[in-house]
Structure formats: structure tokens, C-alpha cells
Amino acid sequence: MIVEKVTLENFRNYKKREITFRDGLNVICGLNAAGKTNLMESIFVAAIGRSPRTKNEKDMIKMGEDRAFIHLDLKKKFRDHKINVEISKTEGKKIKVDDAVLTRLGELLGLLTVVYFSPDELKMIKEAPQERRRFIDLSLSQENKPYYLALSKYNKILAQRNKLIKSTDFAEFSTTAFIWETQMSEAAAEVIVKRREFIKKISEIADSYHRKIAGEKEDLTLFYEPCSDFETKEEIKKDLERALEENRKKDYELGYTSVGPHREDFSITTGGVDLRKFGSQGQQRTAALAIKLAEIEYYYKESGEKPVLLLDDVLSELDEKRRTALLKATEGTQTFITCTEFTEPVQDYLEIKIQKQE
Ligand SMILES: Nc1ncnc2c1ncn2[C@@H]1O[C@H](COP(=O)(O)OP(=O)(O)OP(=O)(O)O)[C@@H](O)[C@H]1O
Ligand SMILES: [Mg+2]
């Protein structure tokens, strides 16, 4: 798929700007604070429906203005689409695809799929499990709608169970919890089965990229750490129902639900070393790069279409070998790269200059 054009109005530091892109490589050049990351953010918002860097959506409205607009023209294999995002100070966010106003965010996911890579993505390797779950959830939800629906359902019921823990006495909680627990376990089983499959596939592709970038002997393995070791959905569901029941007392004392997919993690190892804890900066960066490249291929295998790759501030952090491997791997994928100056030995690219005074 290809992002053909983006028009921004009162978005971040942009008053009004229309930018046309090409397939292949788009290099977004400009000085610090020119608006490069803002442009990448706008593409992400049109794809995912929210910002990769802020929870407060009004921050995206140009200071002193009331409304921001992102218009994006998308070219896909079988159909073209127009995505329109409007963020208003008073009315919140409205997303339109072609002429239909979306009522749920889930309807947007998967239309424009993006793989986003910025120095912040290192968090996925080295920080708390939450960051790795965020990676799985974002990736998998874009490609697999049933996953997104199961996860949303699970999160909703989990919140209900937690609310019950906080608002009732233990006797009442332990007699009514089963209502939530049955539904929770069912949604959780769907989430777990899909996460397991996803991690396995990503691990295989990432391993092959990792060997190309870091050397033939440098393996990379992602290993899912699920909250249930059972195989089938039915078995997992039963196992979780049992675990939730067993943990009622503990959960009540803790004040939250202590078992389930919302507590899971996956390990990332090379040569048997857990990079979450023991990886050097360089190792962690290489692993993150291999995983992001794997995401591109994963989408392509699953959907037959390449996602769009957003690389914000990534090149300057990589050595020459890794930069070359990265640029080679992006061939055939529409790629956006931000930088202050572009000196890579590639011929065919479009340079887009971003100037500060906009
Ligand atoms: N809501 C907003 N209204 C107006 N300006 C904003 C808003 N949000 C951010 N900015 C400004 O936009 C400018 C550009 O930010 P951006 O992060 O896109 O820069 P950049 O080109 O990526 O720079 P760097 O090379 O340092 O990463 C910054 O000066 C920032 O203060
Ligand atoms: Mg930036």
C-alpha cells in the first residue's frame, strides 16, 4: 500500500501543508524542530487512530487553534481510500474513511498498516513487559481484526472484575466473580492462541534478519511467556477459569486481577542471553531493528500487501553495516525516513524538505 498524499491543517506546527509522496523511499529532511516527527505522527494517527507519543490528543492541535485536520490519500491493491482525521478542542476526535464516519476505532485498524520505528522503540526490548505487550497488541491488531476484538472484550471485562474487587466486600465478590471470569477466560484464550502464533512467526523472520545484520551465527529468538501453558483454546479457557477462581482471595487483597494476558511477556534472546536484562545498547538496537523488519514481512505474508514503514530518527543511531542492511530490507516497501541530512548511497528517492517557519 502507498500513502500518496498527506494534507495537514493546524496539526502541530503546520498551518497548512500538502505533501505528495512516492512509492519506495521518501526522505524527510529538515533541521531540528522543523516538523519531521510531526509529519510521521500524522501518518501514524491516520493509520492507528491515536498518537504514538501522546495520550492527550489536543496536544496535536496547533497552539492557538481549535481544530486540527489530517487528510490522507491511500492507494491499496484493490481500492483507494481517503482517511480524514479531525481533532477538535471541544468535540474530540472524528475519523472518516471515504465518506463514512467511523463509530469505533476498530474499523480503522488494518486499512493503512504501519510499522513505526523510532529510538523510543528500544523500550520494547529493555523496559517493562507492558512495552512488549504494546508491541504485540499494536502489530497484531492491525493485521488481525478478531484479535483486536477479543483483546478489547478481554480488557473491558477485566476492568469490570477489577471494579468489582474495589467496590464490594469479599463475600459478594467471590459469589459474583464467576460471571465475569467465564467470559474473561474465553476472550483470553483467543488472545493467547493468537499471540503465541504471532510471536512464533515473528521470531522466525526476525532471526533471519538478525543473522543478516549481526552475522550468520547471531541467532535471535522471541519466546512467548503465556499465562497458560495449555495448547487448545478450550483447555486454556478452563485453565484460566480455574486460575481466576483460585486467585480470588489474593486478587481481592491485592485490589486487582493478578492472572491473565494483561500480565504476559515474551523474552528476546541471542546466544541464550536474555536481551531484556543483559543486552548491550547495540544488541538491543539490532534486535529491535530485526523485529521491526520482521513485522513488514509478516504483514506481507499474512495479507499480501506491504505496510508502510515509518523510520523516525533511526539512521543516525545505526552503524554503516546496519544502515545498509536496513535500506536494503526496505526495498519494495514505501518507506519514510526522517533525518537532518541524508548521505546514504541510494539513487532512487524523493527528498522532502521541511522548513521550520511553517
Ligand atoms: N501543538 C503544537 N502547536 C504548535 N507547535 C507545536 C505543537 N506541538 C509541537 N510543536 C512544535 O513543532 C516543532 C517541530 O517538532 P518535531 O518534533 O516535528 O521536530 P523534528 O523536525 O522532528 O525535530 P528533531 O530533528 O529535533 O527531531 C517543535 O518546535 C514543537 O515545539
Ligand atoms: Mg524528530
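In which sense, and over how many bridges, do strand 1 and strand 4 pair? In this predicted model, strand 1 (residues 2-11) and strand 4 (residues 67-75) are joined in the antiparallel sense by seven bridges. Within that pairing, I2 is placed opposite K75 of strand 4. The two strands belong to an open sheet of six strands, ordered 2-1-4-5-6-7 and paired in antiparallel fashion. The edges of this sheet are formed by strand 2 (14-20) and strand 7 (100-101); each has a single partner strand, so one side of each lacks a neighbour in the sheet. In general, the strands of a sheet pair through backbone hydrogen bonds, in either a parallel or an antiparallel arrangement.

Helix 1 (residues 36-48) lies across strand 1, strand 2, strand 4 and strand 5 (80-88). Relative to strand 1, helix 1 runs at about 110°. The loop between helix 1 and strand 4 contains N56. This residue counts as exposed because 7 C-beta neighbours are found inside 10 Å, where an exposed residue has 12 or fewer. A separation of 33 Å lies between the C-alpha atoms of N56 and Q283, which are 227 residues apart along the chain.

Strand 3 (residues 25-29) takes part in parallel pairings. Five bridges connect strand 3 with strand 13 (residues 335-339) in the parallel sense, and N26 has F336 as its bridge partner in strand 13. Strand 3 also pairs in parallel with strand 14 (residues 349-353), again over five bridges; here N26 stands opposite L350. Strand 3 is mostly covered, with four of its five residues buried.

Two residues other than glycine adopt positive phi values, as described here for A33 and D98. For A33, phi is near 65°, and the residue is located in the loop between strand 3 and helix 1. A33 is classed as exposed because 10 other C-beta atoms lie within 10 Å. For D98, phi is near 55°; this residue occupies the loop between strand 6 (92-97) and strand 7. D98 is likewise exposed, with 10 other C-beta atoms within 10 Å.

The surroundings of ligand 1 comprise 16 residues, of which N13, N32, K36, T37 and N38 come nearest. By class, the shell around ligand 1 consists of four nonpolar, seven polar and five charged residues. Among the nearest residues, K36 is also the residue at which helix 1 (residues 36-48) begins.

At the level of domains, the protein chain is divided into domain 1 (1-111 + 308-358) and domain 2 (114-304). Their C-alpha centres are 27 Å apart. Contact between the domains involves 20 residues of domain 1 and 21 residues of domain 2. On the side of domain 1 that touches domain 2, at least two residues each are supplied by helix 1, strand 12 (308-311) and helix 10 (320-329). That side of domain 1 is made up of 13 nonpolar, three polar and four charged residues. Helix 1 thus appears in two settings: across strands of the six-stranded sheet and on the side of domain 1 that touches domain 2.

Notes. Residues are numbered from 1 along each chain as its sequence is written. Chains are lettered from A and ligands numbered from 1 in the order in which they are written. This is a predicted model: local features need pLDDT of at least 70, side-chain atom pairs count only at pLDDT 80 or more; totals for chains, interfaces and linings use all residues. A residue is near a molecule or strand if its C-beta atom, placed from the backbone, lies within 6 Å of it. Ala, Val, Leu, Ile, Met, Phe, Trp, Tyr, Cys and Pro count as nonpolar, Asp, Glu, Lys and Arg as charged, and the others, Gly among them, as polar. Two strands pair if DSSP finds at least two bridges between them. Two residues are in contact if their C-beta atoms, placed from the backbone, lie within 7 Å. Axes are lines fitted to C-alpha atoms, for helices over the stretch in contact, and angles run from 0 to 180 degrees between N-to-C directions. A residue is buried if 20 or more other C-beta atoms lie within 10 Å of its own, exposed if 12 or fewer, and partly exposed in between; C-beta atoms are placed from the backbone. Domain bounds come from an automatic or database domain assignment.
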